[in-house]
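Good morning, and thank you for coming. I would ask you to keep the display in view while I go through several regions in turn.

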Amino acid sequence: MLYPENCLERLGFSEVKQLIYKHCLSPMGQQMVEKMQVMVKYDQINKFLRQTHEFKSILENQEPLQISTFFDIKSLAEKIRVEGTYLVEDELHQMYASLQTVFSVLRYFDERKEVYPNLEALFEHMPVEKGILKKIETVLDPKGKIKPNASPELQSIIGDIAKTEQDVRKRMDSIYKQAVGNNWVADGSLTIRDGRMCIPVLAENKRKLRGFIHDESASGQTVYIEPEEVFTLNNKLRDLEFDKRREIIRILIALTTDLRPYTPLLLSYHGFLTKLDFVRAKALFAIEVEADMPVLIKEAKTKLINARHPLLYLSFKADKKTVVPLNIHINEGMRIILVSGPNAGGKSVCMKTVGLLQLMVQSGLLIPVHESSEVGIFDNIFADIGDDQSIESDLSTYSAHLTKMRYFVAHASPKSLVLIDEFGTGTDPQFGGPMAEAVLEVLNNKKVRGVITTHYSNLKLFAGNTEGLENASMLFDNDKMKPLYVLEIGKPGSSYAFEIAQNIGLQKEVLELARAKTGTNQNRIDSLLVDLEREKKQIYDTKLHLSNQQNKVKNLVTENEKLREFLDENRRVLIKEAKLEAQAIIKNANKLVENTIAEIKDKQADKEVTKQLRQNLQKVMVQHQVKEEKKPEVVMPLNTPIEVGDWVQLHNSETTGQVLEINRDNLVVALGDLRSVLKKNRVYKISNKQAKKAAQSNSYTGSISEAISSFNAELDLRGMRGDDALHEVEKYLDKSIMMGFPFIKLIHGKGDGILRKLIREYLKKYSQVNRVEDEHADRGGDGITYVYFN
């Protein structure tokens with residue numbers, strides 16, 4: 001239940017419906033948008049959400065679902081119910097085009113069974129009766145006109161008409177030439193009067209040509225005569241035209257009679273087309289506002305993550321601005337969120353965002369939130385927004401507010417969502433504050449859920465001391481005196497009345513007088529809130545910085561652990577291999593010594609032989625000697641200033657390059673075949689000798705050659721989201737330009753052409769792009785883009 005009647009309009013839902021309305025292709029779909037209602041049944045809401053989500057997936061993935069022709073089949077089906085009626089050519093052509101769309105969609109989903117189960121439910125058990133198309137094709141041509149051979153009789157009549165027209169033309173030409181030769185004819189040629197071909201004759205010569213006068217000129221000097229000789233032929237021609245029309249009507253009646261048994265099926269096709277148009281429009285709107293499907297739950301609670309007001313998002317998008325996302329939780333512990341803060345700080349937008357997104361979900365629409373958001377179902381949605389004073393009903397502003405409060409209190413339940421803007425305003429704050437507090441207490445006792453905005457301090461205090469209520473504030477930048485539009489739950493916010501007044505330049509004496517009249521206690525409370533807000537922001541910034549640092553440390557620890565495990569494993573392997581190798585060396589050495597001693601004994605210590613054996617033993621020892629590794633030469637930076645032509649090396653890297661230009665703190669450096677702009681503090685100067693050694697040890701040629709040989713000048717983007725596809729195109733273009741490729745090929749698919757348009761708009765940013773072209777129609781057409789470089 002919604003209250004008051006203008007609740008949808010106040011929350012902006014009527015404007016959302018208008019935007020969806022514009023995406024419909026047919027009047028039937030537009031009628032469904034107008035009839036769209038807020039639902040309370042979980043299964044029904046879930047079905048509508050999933051249908052929209054699946055259709056959005058089809059559109060985003062560029063699937064080739066062609067939907068472009070919708071006509072009102074229902075009115076045609078209702079017309080042919082009556083015996084003796086018939087459909088004219090245009091109506092039959094509309095039915096034929098609509099049925100072609102139906103069968104095309106059915107074939108599309110049949111090829112993808114169980115991929116889109118919720119959309120398949122729209123046409124479950126619906127037969128494909130192509131006999132209807134065949135019956136219409138026997139009578140109509142592709143342009144929707146009756147075929148000349150629709151029946152033997154019609155073909156014969158058309159042939160007779162053509163022959164008679166030829167006879168009339170020949171006879172008229174003969175008579176006209178004769179009249180021209182006798183100078184009877186006025187200026188002009190043969191003309192048509194009352195559907196008959198006539199000769200324009202001068203009035204003084206009208207009795208010289210036998211025939212029937214059909215008309216005369218305004219001046220009376222020219223009469224239009226149908227010669228007597230062709231009168232009979234023209235009458236025959238008119239009779240044949242009547243025969244043709246009668247035969248066409250007979251054919252249309254016969255065709256309509258053949259189609260009459262299919263009336264129930266045609267109505268089913270009409271319902272399917274209507275629902276399909278409706279779901280398509282909702283999916284297109286979801287793409288427009290970057291909406292997603294939240295987690296739908298049965299409980300009366302809400303958790304919105306990165307939520308955006310769809311109407312505000314579209315307005316900001318047109319102005320190339322971004323909306324600050326909203327994060328808010330409403331559950332059993334925090335049933336009512338009391339939002340306070342400065343004027344124009346975003347309190348009302350916060351409250352309206354919660355209300356509008358709730359209405360959208362319960363109407364089966366996707367909402368602009370993160371997909372992990374949770375949205376429950378409420379039986380009642382009550383809203384008190386704006387001024388509803390009424391002269392006719394004798395209601396003042398405050399009376400109108402109290403009338404709504406009375407209704408809220410009477411009908412509220414734990415499954416009610418209450419939205420109140422500027423709670424308690426419209427009367428003396430001394431009495432309006434306590435009255436608002438009393439209403440808030442009663443609503444809280446009834447365990448309703450809601451979002452309420454206020455400036456009243458007594459409400460902030462009450463919320464801070466009452467279970468189920470939670471203070472929240474819109475953050476404000478005290479230094480810049482600007483709202484941040486960020487909701488922070490857990491503390492009340494100051495209205496910043498004096499600070500804002502001072503910032504806009506209100507006179508000092510006015511401010512001092514206002515502070516004096518406000519009272520010491522109230523000023524102290526407001527100052528405490530301002531200080532609390534400032535400290536809160538400082539803590540928030542510190543926590544954010546600390547969180548980033550903790551993440552960095554965590555990543556470093558994880559990386560260090562992995563590196564340590566890798567080194568430990570390598571050390572164990574190396575030690576094992578070294579031990580095995582040492583064992584083998586010792587074993588071979590023992591054998592060699594034993595053999596040497598045995599040979600010396602056998603030779604009886606002959607000096608020459610002993611010397612030779614000692615040399616062999618020494619040779620083997622040299623082979624197994626461990627050579628001392630040379631320590632890498634440390635490149636010492638030069639302390640002299642960097643100038644054009646000097647060689648530099650990057651810090652913590654072995655990469656070297658030569659300085660080409662110096663622009664303040666920036667250097668243009670040649671790194672092999674590449675040119676790069678680097679900050680001075682990222683490099684240090686080295687000598688030419690050191691640069692040559694580094695260049696010899698770090699050659700780019702091999703890596704660049706390898707990169708060019710492995711590069712594929714074709715990128716497949718099908719199935720990607722827009723942002724992901726543009727990110728891939730950016731990386732791919734950089735590689736292509738760097739490696740000097742003349743062109744590349746981007747495969748994005750056809751679909752509705754959204755991804756193709758995005759890519760082509762993005763390519764305009766590159767000055768290196770000379771032109772873009774579609775692939776040949778036989779090899780993919782506009783589903784493939786060729787990009788040629790300068």
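Isoleucine 213 stands opposite isoleucine 225, which belongs to strand 5. I should say at once that this is a predicted model. The two strands involved are strand 4 and strand 5, the latter spanning residues 222–227, and they pair in the antiparallel sense over 5 bridges. As a general reminder, strands of a sheet pair through backbone hydrogen bonds, either parallel or antiparallel.

In which order do the strands of this open sheet run? The order is 2-3-5-4, a sheet of 4 strands with antiparallel pairing. Its edges are strand 2, residues 191–193, and strand 4, residues 211–216, each of which pairs on one side only. On average, neighbouring strands of the sheet are turned by 50 degrees against each other, direction ignored.

Two helices lie across this sheet's strands. Helix 9, residues 152–181, crosses strand 3 (196–202) and strand 5, and runs at about 0 degrees to strand 3. Helix 10, residues 228–259, lies across strand 3, strand 4 and strand 5, and its angle to strand 5 is about 70 degrees.

Let me turn to another pair of strands. Strand 7, residues 302–307, and strand 8 run antiparallel and are joined by 4 bridges. Threonine 302 has isoleucine 330 of strand 8 as its bridge partner. Which side chains of strand 8 are buried? Across residues 326–330 the side chains alternate: Leu326, Ile328 and Ile330 point to one face and are buried, whereas Asn327 and His329 point to the other and are not.

A helix offers a related case. Helix 3 covers residues 27–34, and Met28, Gly29 and Val33 are buried within it. These residues are on the same side of helix 3 because they cover an arc of only 145 degrees around the axis. The buried residues of helix 3 pack against helix 2 (13–22) and helix 11 (263–288).

Next, a single loop residue. Aspartate 421 sits in the loop between strand 12 (416–420) and helix 15. Is aspartate 421 buried or exposed? Its relative accessibility is 13%, and the cut-off for burial is under 20%, so aspartate 421 counts as buried. Leaving aside neighbours within four places in sequence, aspartate 421 is in contact with Ser348, Met351, Asp384, Ile385 and Thr453. Glycine 386 is 35 residues from aspartate 421 in sequence, yet the C-alpha to C-alpha distance is 7.3 Å.

I come now to empty space. Rolling a probe the size of a water molecule over the atoms shows where such space is left. The count comes to 1 cavity of 30 Å³ or more. The largest cavity holds about 110 Å³ of space. Its lining has 15 residues, and those nearest the centre are Tyr398, His401, Met405, Phe423 and Gly424. Helix 14 (397–411) and helix 15 (429–445) each supply at least two residues of that lining.

What volume lies in the largest pocket? The figure is about 880 Å³. Of its 26 lining residues, Glu60, Ile287, Glu290, Gly722 and Asp723 are the closest to the centre. At least two lining residues come from each of helix 4 (42–60), helix 11, helix 12 (310–318), helix 23 (722–739) and helix 24 (754–763). Helix 23 provides the largest share of the pocket's lining, with 4 residues. Helix 11 thus appears twice in this account: the buried residues of helix 3 pack against it, and it supplies part of the pocket lining.

Methods
Residues are numbered from 1 along each chain as its sequence is written. This is a predicted model: local features need pLDDT of at least 70, side-chain atom pairs count only at pLDDT 80 or more; totals for chains, interfaces and linings use all residues. Side-chain values use heavy atoms; hydrogens and water are left out. Two strands pair if DSSP finds at least two bridges between them. Axes are lines fitted to C-alpha atoms, for helices over the stretch in contact, and angles run from 0 to 180 degrees between N-to-C directions. Contact means heavy atoms within 4.5 Å. Buried means under 20% relative accessible area, exposed over 50%, partly exposed in between (1.4 Å probe, protein chains only). The arc is that of the directions from the helix axis to the C-beta atoms. On a 1 Å grid over the protein atoms alone, a cavity is a set of points where a 1.4 Å probe fits but cannot get out, and a pocket is an open set with protein on both sides within 12 Å along at least five of seven lines; lining residues have an atom within 4 Å of a point. Grid points are joined across faces, edges and corners, and a volume is the space filled by probe spheres set on the points.
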